[in-house]
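Colleague: I have the sequence and the model open. Could you take me through the main features?

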Amino acid sequence: MWCDGAANVKLFMGDHFIIRGGYPLRGEIVIGGAKNSALKLLAAGLLTSEQLVLSNVPRIDDITTMIALLRYLGFNVADVSGDGSVLSVGGEITNTEAPYDIVSKMRASVLVLGPLLARYHKARVSLPGGCAIGTRPITLHLKGLEALGGNITLENGYICASTTRRLKGGNVVFPLVSVGATENVMMAATLAEGRTTIVNAACEPEIVDLANCLNKMGAKISGAGEKIIIIDGVEALHGTHHQIMSDRIECGTYACAAAITRGDLRLINGNIDHLGAVVRTLRECGIDVSQTDNVMHVQCQKTLRSTKIVTEPYPGFPTDMQAQFMALLSVVEGTSEITETVFENRFMHVPELIRLGAHIDVQGSLATVHGVRHLTGAPVRATDLRASFSLILAGLVARGETVLDNVYHLDRGYEAVERKLSACGAKIERVQKNKI
Ligand code: EPZ
């Protein structure tokens, strides 16, 4: 892969972006539905035979993968709106197996485990395998489901879960905070007999969104968003309609875009309440953030200040915003420090940012970012979802042209990026695969 200017881009593997830096972003961006809520809400549909209608569904590749999984199970998924933004899921499944080729593409597939075990008393779900940002074991999911009476074995790379009778409520104490494990156990517990208590539960807003939807389906969940969640099982759940919360990470990402380009963006459906640590950090750096009704307004005309970030489970600074802030801080005068405590390998964007002229030293989980006066465009490649956007942010301010390859990583979790950015003045275009 090499390039000497847009016209001579050669040998890229997939779709890629060509970005020309130096244009402040100004205007409005509509924030879509939350990927990390929508994926679980789709899995929650398996808990009832009635129709669960979900609106504000993001049009991203991970949703397409989850739809493919549900259909593989025999579940009905209908696009009610015609544009993928409203889905109705329901019906009866014809098999309880989530195959490797789907699960390995998207780890969130493992979240069908709890619903299948609770409703159909069996499930055979492929172990997801590793991913770019870490080994990402799922032992906490399995221990939690065993605490509810699930019999769990691992056979030929698959999780085989079964129960001879209705699951039974129990106490689940997580030794470390896990979003997915909290969600799998919470979903399974809705149909278990008796009370389940989850201790050291994840507190992310997406957990609250899932619990709100489950309660509308007839579940009895209290404490979602806190460290202790209580679920009193019921015999059956029914259908409902649920509007998916807006994507706080997409919102925070575009807030970084406004900041790094010294621009002014109004983020429609952005919710400052879901981004406490992120907004505090933006303000510490000198960025103006305000909320009026459903609009989060981010302005940046001042000289920015360096800062220190430690990623933590919610309500701490979200690991899913770490790469984006690394890009921002790479052009902020002074020395910033970013400590990644959630995943063991989430600095894959560092070597690519360095190719653009960033000055970043990594020692274990600590990245020390020495701000530089400017970045310079170069060919770079995406390694994972959030790293992809950190390279776009850098490209938006780098001198000259940046070509970002492997954009398929980005398409998994961000909708219409080039459209949203171009509408606010960015010079970014997508070059389709094999269309050079
Ligand atoms: C969810 O992943 C999100 N994904 C991630 O977002 C997010 O980074 C993460 O939560 C943390 O907030 C979705 O919601 C689809 P965890 P999840 O279980 O549930 C370890 C993005 O960019 N762990 O909270 O898989 C694990 O290895 C993605 O949108 C175990 O050790 O995360 C990690 O170090 C990336 N054993 C830590 O816990 C387990 O059984 C947190 O993982 C489970 C997790």
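Modeller: The chain is divided into domain 1 (7-28 + 247-435) and domain 2 (36-243), with bounds that come from an automatic or database domain assignment. This is a predicted model, in which local features need pLDDT of at least 70 and side-chain atom pairs count only at pLDDT 80 or more, while totals for chains, interfaces and linings use all residues. Residues are numbered from 1 along each chain as its sequence is written, and side-chain values use heavy atoms, with hydrogens and water left out.

Colleague: What separates the centres of domain 1 and domain 2?

Modeller: Taken over C-alpha atoms, the centres of the two domains are 31 Å apart. The contact between them takes 18 residues from domain 1 and 18 residues from domain 2, where contact means heavy atoms within 4.5 Å.

Colleague: Why does the ligand lie between the domains?

Modeller: Domain 1 and domain 2 both give residues to the shell around the ligand, so the ligand lies between them.

Colleague: Which residues come nearest to the ligand?

Modeller: There are 23 residues around the ligand, and K40, L140, S178, D320 and V342 come nearest. A residue is near a molecule or strand if one of its heavy atoms lies within 4 Å of it. The shell divides into 10 nonpolar, 6 polar and 7 charged residues. In that division Ala, Val, Leu, Ile, Met, Phe, Trp, Tyr, Cys and Pro count as nonpolar, Asp, Glu, Lys and Arg as charged, and the others, Gly among them, as polar.

Colleague: And which helices supply at least two residues of the shell?

Modeller: Helix 1 (35-44), helix 5 (139-147), helix 6 (179-189) and helix 12 (385-397) each do so. Helices (H or I, at least four residues) and strands (E, at least two) are DSSP runs, numbered from the N terminus.

Colleague: What polar contacts does the ligand make with K40, V342 and R386?

Modeller: A polar contact is a pair of N or O atoms within 3.5 Å; within protein, one must be able to donate a hydrogen and the other to accept it, and residues adjacent in sequence count only if both atoms are side-chain atoms. An N or O atom in the side chain of K40 is 2.7 Å from an oxygen atom of the ligand. For V342, a polar backbone atom is 2.5 Å from a ligand oxygen. A polar side-chain atom of R386 lies 2.8 Å from an oxygen atom of the ligand. Taken alone the ligand exposes 830 Å², and the protein buries 85% of that, with accessible areas from the Shrake-Rupley method with a 1.4 Å probe; for residues, only the protein chains shown count as cover.

Colleague: Changing topic: what is the strand order in the open sheet of 4 strands?

Modeller: The order is 6-7-9-8, with mixed pairing. Two strands pair if DSSP finds at least two bridges between them. Strand 6 (97-98) and strand 8 (151-155) are the edge strands, each pairing on one side only.

Colleague: Which strands run parallel?

Modeller: Strand 6 and strand 7 (residues 122-126) run parallel, joined by 2 bridges; E97 stands opposite R124 in strand 7. Strand 7 and strand 9 pair in the antiparallel sense over 5 bridges, with S126 opposite Y158 in strand 9.

Colleague: How many residues lie between strand 8 and strand 9 in their hairpin?

Modeller: There are 2 residues between them, and N156 in the turn has a positive phi of about 50°. Strand 8 and strand 9 (residues 158-162) pair in the antiparallel sense over 5 bridges. T153 stands opposite C160, and L154 has I159 as its bridge partner.
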